[in-house]
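I opened this model to look up how its strands and helices are arranged and how its chains meet. My entries follow in the order in which I made them.

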Amino acid sequence: MNNILNALTLKELQQKYPFVINYFEENRLDVEGFENSTFDEYLNHFSEEEIEEWGIDIKGIREGLLEYISQMIEFLGLEEDRGIESLTIVAGTDKSGKKENFEEFTIRKSEIVSIVGPTGSGKSRLLADIEWAAQGDTPTKRRILINGEVPDMKWRFSSNNKLVAQLSQNMNFVMDLTVYEFLKLHAQSRMVEREEEVIKEIIEAANNLSGEKFDLNSQITSLSGGQSRALMIADTAILSSSPIVLIDEIENAGIDRKKALNLLVSSDKIVLIATHDPILALMADKRIVIKNGGIDKIIETSKEEKKVLEELERMDSIIQKMRNDLRIGLIIDSI
Amino acid sequence: MNLVTVSGPPSSGKTSVILKVIEAFKDRGLSVGVVKFDCLYTDDDLLYEKAGIPVKKGLSGSLCPDHYFVSNIEEVVKWGRKKNLDLLITESAGLCNRCSPYIRSIKSVCVIDNLSGINTPKKIGPMLKAADIVVITKGDIVSQAEREVFASRVNSVNPKAITLHINGLTGQGAFELSTLLYNEEEDIETVQGESLRFPMPSALCSYCLGETRIGEDYQMGNVRKIKLGDEYE
């Protein structure tokens, strides 16, 4: 591996590993005119003065490129077999050191589990345990298994492969881009091959969730709350590499939450929803009740509860309809 | 005593991250102290004091903050040893993004935030590129996609670093960082004779010495002119 930097020309290197262009670009290495030189020859061309002026760390850049190439090879190879079938939480202790009220809890791919409990009860800690793939080495002493086994610790440290993707009410778009530019940027960072197709798929999925349609030329920062949420969910479902999605509430307005959950589930994600909303909580197959930092109960959503859910959804759709009627200027005279 | 240098752009969340990390250390019965380096003003020392953490602050004033840091780090280490600390954390604001206070054998952490823009990793020099651990903050208020793009940009300028996401408000991720910062076997008595990971620029011009007037007549020493492309007109 080491000798690719002094055996291959930059042209050959780019043919073999097209992604090195990102590394050159982000490290402001202007390699134009050096296509027929090796990377080492390119590095040698910097004068002492240039190295000092621009803060160039020759050794660091060289080692960094080797590391980057090997990470990207691994990352691209992982795409194929990154399948996660199940996530298992093995009981730890609550804040008082008492053992949690269960032994092992397994969530399978395409299952939805809600997390309920008062604010400050330990929902963040549970999520952090999952994200960190805790192995008895966090304050709760919980252990996390993936596919029934102790997971590869790469989940902890790799910046490209995080176990958990998060969606929350407080999240906003901050980049000054159109929807198209934004999705393209994300697709590129994930090294997706069929960029245009994926972008089309995401905008269609987002419009399917959102009450108000928008197109690829809209600025992401000027989307409404519902549109932003719809785009975030569609993008996470289709483009994010993380196999587990944690949702911290989804507001009621402007988005079809049932479709949103279905979209995530159909993309083979494991979905966890932290919520106080009865509709969301009951949409899940099971719910975890957290108390005093520990998991106190795991409740399977019963048939009776699902019936209540239907009733709640009926009430919800009345409110939704009324919202739309108001929007288009109708008079409300009855429920 | 262990020593960790933390740096990062202003308002990236360094102090919040350190406070949350120290909470995790307190549960393990370790005593941690902080020395805060800044340029003109900081009241972060009050936040540390309020949390019962031994703290000192140093303001570089008219000096370059990183030069000030390296001129004082040995004294700071001695202070930490006198206080019988298990871990001493230095916190410094990276102001012009050119330098870094990292010392070769000392663990280094760079804190940057998701709100700073996706081109920020490109703009920051050794402070980001030479760090052992990169902590990315404010992930709770941007979208998943922006977090992923930002993290991949960080990874491409510093592939060797461990990247962690920390929420400075809830502390999510801070415990995890704490496990990477303390090593029982390590005991630093002095940093005398150690060297910086990256040299600081050797600029010394008339303005460094207090000149305020504008014009070529007043410019002496290491002066560089902007290239506007029409020098020959």
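Entry 1, strand 1 of chain B. I looked up the pairing first and found that strand 1 of chain B and strand 5 of chain B pair in the parallel sense over four bridges. I note that the model is predicted. Within this pairing, I traced B:Thr5 to its bridge partner B:Ser108 in strand 5 of chain B. I then turned to strand 4 of chain B, which runs parallel to strand 1 of chain B and is joined to it by seven bridges. There B:Thr5 stands opposite B:Thr90. I record B:Thr5 accordingly with a bridge partner in strand 5 of chain B and another residue opposite in strand 4 of chain B.

Entry 2, burial of the strand. I asked how many residues of strand 1 of chain B are buried. Seven of the seven are, so the strand is largely enclosed by the rest of the structure. In a regular strand the side chains alternate between the two faces of the sheet. I therefore listed the two faces separately: B:Asn2, B:Val4, B:Val6 and B:Gly8 lie on one side, B:Leu3, B:Thr5 and B:Ser7 on the other, and both faces are covered.

Entry 3, the sheet of chain B. I followed the pairing outwards and obtained an open sheet of seven strands in the order 3-2-4-1-5-6-7, with parallel pairing. Strand 3 (55-59) and strand 7 of chain B stand at the edges with a single partner strand each, so one side of each is left without a neighbour in the sheet. Neighbouring strands are turned by 20° against each other on average, direction ignored.

Entry 4, helix 1 of chain B. I looked up what this helix covers and found that helix 1 of chain B lies across strand 1, strand 2 (32-38), strand 4, strand 5 and strand 6 of chain B. Against strand 4 of chain B, helix 1 of chain B runs at about 170°. I next examined the crossing with helix 7 of chain B: the two axes come within 8 Å and cross at roughly 75°. That makes helix 1 of chain B roughly perpendicular to helix 7 of chain B. From helix 1 of chain B, the contact is made by B:Val17, B:Lys20, B:Val21, B:Ala24 and B:Phe25. From helix 7 of chain B, I listed B:Ala174, B:Phe175, B:Leu177, B:Ser178 and B:Leu181. By class, the residues of this contact divide into eight nonpolar, one polar and one charged.

Entry 5, helix 7 of chain B. I asked whether helix 7 of chain B (residues 174-181) is largely enclosed or left open, and why. Six of its eight residues are buried, so the helix is largely enclosed by the rest of the structure. The buried residues are B:Ala174, B:Phe175, B:Glu176, B:Leu177, B:Ser178 and B:Leu181. I found that they pack against helix 1 (14-27) and against five strands of chain B: strand 1 (2-8), strand 4 (87-93), strand 5 (107-113), strand 6 (133-137) and strand 7 (162-165).

Entry 6, the contact between the chains. I counted 40 residues from chain B and 42 residues from chain A in this contact. On the side of chain B, the elements that give two or more residues are helix 4 (120-123), helix 5 (126-129), helix 6 (144-157), strand 7 and helix 7. Helix 6 of chain B supplies the largest share of that side, 12 residues. The residues on the side of chain B divide into 18 nonpolar, 12 polar and 10 charged.

Entry 7, chain B as a whole. I recorded seven helices and seven strands, which run β-α-β-α-β-α-β-β-α-α-β-α-β-α from the N terminus on. Of the 233 residues, 50% count as buried. I compared the radius of gyration of chain B, 19 Å, with the value near 17 Å for a compact globule of 233 residues, and the two agree. The C-alpha atoms fill a box of roughly 70 × 45 × 30 Å along the principal axes. Among contacts in chain B with a separation of 6 or more, 71% join residues 24 or more positions apart.

Entry 8, chain A. I finally looked up a sheet in chain A: an open one of six strands in the order 5-6-7-3-8-9, with mixed pairing. Its edge strands are strand 5 (164-168) and strand 9 (294-300) of chain A, each pairing on one side only. Within this chain, strand 3 (residues 112-116) and strand 7 (residues 270-274) pair in the parallel sense over four bridges. The bridge partner of A:Ile112 in strand 7 of chain A is A:Val271.

Key: Residues are numbered from 1 along each chain as its sequence is written. Chains are lettered from A and ligands numbered from 1 in the order in which they are written. This is a predicted model: local features need pLDDT of at least 70, side-chain atom pairs count only at pLDDT 80 or more; totals for chains, interfaces and linings use all residues. A residue is buried if 20 or more other C-beta atoms lie within 10 Å of its own, exposed if 12 or fewer, and partly exposed in between; C-beta atoms are placed from the backbone. Two residues are in contact if their C-beta atoms, placed from the backbone, lie within 7 Å. Ala, Val, Leu, Ile, Met, Phe, Trp, Tyr, Cys and Pro count as nonpolar, Asp, Glu, Lys and Arg as charged, and the others, Gly among them, as polar. Two strands pair if DSSP finds at least two bridges between them. Axes are lines fitted to C-alpha atoms, for helices over the stretch in contact, and angles run from 0 to 180 degrees between N-to-C directions. Angles under 35 degrees count as roughly parallel, over 145 as roughly antiparallel, 65 to 115 as roughly perpendicular and the rest as oblique. The radius of gyration is taken over C-alpha atoms; the globule rule is 2.2 Å times the number of residues to the power 0.38.
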